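User: I have a model open and want to learn how to read it. Can you take me through it feature by feature?

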Amino acid sequence: MDHKNHVFIARSLDGFIADKNGNIDYLETVPNPDQSDMGYVNFIKKMDALIMGRSTFEKVFSFGIDWPYDLPVFVLSQSLKELPQELTEKVEIISGSPNEVLNIVHQKGHHHLYIDGGKTVQTFLQEDLIDEMTLTTIPILLGGGIPLFGDLAASLKFKHLHTQVFLNEVVQSHYQRIR
């Protein structure tokens, strides 16, 4: 069975996915009058499930909107014990090492996985478990915050597949892990 783990995430020019207060308001600094999804809808259609960290889950839930995902969502957490009632059919709490989590999710029939959240992406990269990354760069320097990337035991080489510019300012590049 073909397994692929994908990252689709935005960051600032200086590599942060959220500011010093954990906010992501910077994502709306470029006017988007036509509400371009910048490839997200096509990306998410190819995914079987989403694995996200607890902080990302709490951030998405805090928006006070309808749950935005139609695919199964697995939230990585050691501390989260229960979910809001309205999400019990859509979200599952899961814990373990990245490989343990992948084994569980694969056994449930999900093989093309969207990996989301700063710590989660970093942990999967530390274990060399990311196959493709789509990185969308917003032209702003946040000067600090939650970094997308962290320390790695060894370099991980990626191949550039393509780059696209949205709204004449937002640069999105797609990379594939070279194994």
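Analyst: Gladly. Keep in mind that this is a predicted model. We start with a helix. Helix H3 spans residues 98-107, and its buried residues are Pro98, Val101, Leu102, Val105 and His106.

User: Where do the buried residues sit around the axis of H3?

Analyst: Look at the arc they cover. Here it is only 130° around the axis, so they lie on the same side of H3.

User: What covers the buried residues of H3?

Analyst: The cover includes strands E1, E3, E4, E5 and E6, together with helix H4.

User: What comes just after H3?

Analyst: Check the backbone there. Gly109 takes a positive phi of about 90°.

User: Now the sheet. In what order do its strands run?

Analyst: Read a sheet from one side to the other, by partner. Eight strands make up this open sheet, in the order E5-E4-E3-E6-E1-E7-E10-E9. The pairing is mixed.

User: Which strands stand at the edges?

Analyst: Count partners. Strand E5 (91-94) and strand E9 (158-166) each have a single partner strand, so one side of each is left without a neighbour in the sheet. As for twist, neighbouring strands are turned by 20° against each other on average, direction ignored.

User: How many bridges pair E4 with E5, and in what sense?

Analyst: Strand E4 covers residues 73-76 and pairs with E5 over four bridges, in the parallel sense. To find the register, take one residue and look across. Phe74 stands opposite Glu92 in E5.

User: Which helices pack on the sheet, and at what angles?

Analyst: List the strands each helix meets, then compare directions. Helix H2 (residues 54-62) lies across E3 (49-53), E4, E5 and E6 (112-116). H2 runs at about 100° to E3. Helix H4 (residues 118-126) touches E1 (4-12), E3, E4, E6, E7 (132-138) and E9. The direction of H4 makes about 120° with that of E6.

User: E6 keeps turning up. How many of its residues are buried?

Analyst: Four of the five residues of E6 are buried, so the strand is largely enclosed by the rest of the structure.

User: How does E6 pair with E1 and with E3?

Analyst: Take the two partners in turn. E1 and E6 run parallel, joined by three bridges. Asn5 has Leu113 in E6 as its bridge partner. E3 and E6 also pair in the parallel sense, over four bridges. There, Met52 stands opposite Asp116 in E6.

User: Let's go down to side chains. Is Glu132 buried or exposed?

Analyst: Use the relative accessibility: under 20% counts as buried. Glu132 is in strand E7. At 11%, Glu132 counts as buried.

User: What does the side chain of Glu132 make a polar contact with?

Analyst: The side chain of His174, at 2.8 Å. His174 is found in strand E10 (residues 170-177). With 16% relative accessibility, His174 counts as buried too.

User: Which residues surround this pair?

Analyst: Leave out sequence neighbours up to four places away. Glu132 then touches Lys4, Asn5, His6, Val7, His174, Tyr175 and Gln176. His174 touches Glu132, Met133, Thr134, Lys159, His160, Leu161 and His162. Asn5 is also the residue whose bridge partner in E6 is Leu113.

Technical notes: Residues numbered from 1 in each chain as written. Predicted model: local features only at pLDDT ≥ 70, side-chain atom pairs only at ≥ 80, totals over all residues. Heavy atoms only, no water. Pairing = 2+ DSSP bridges. Helix = DSSP H or I, 4+ residues; strand = E, 2+ residues; numbered from the N terminus. Axes fitted to C-alpha atoms, helices over the stretch in contact; angles between N-to-C directions. Contact = heavy atoms within 4.5 Å. Buried < 20%, exposed > 50% of the residue type's maximum accessible area, 1.4 Å probe, protein only. Polar contact = N/O pair within 3.5 Å; in protein donor to acceptor, adjacent residues only side chain to side chain. Arc of directions from axis to C-beta.
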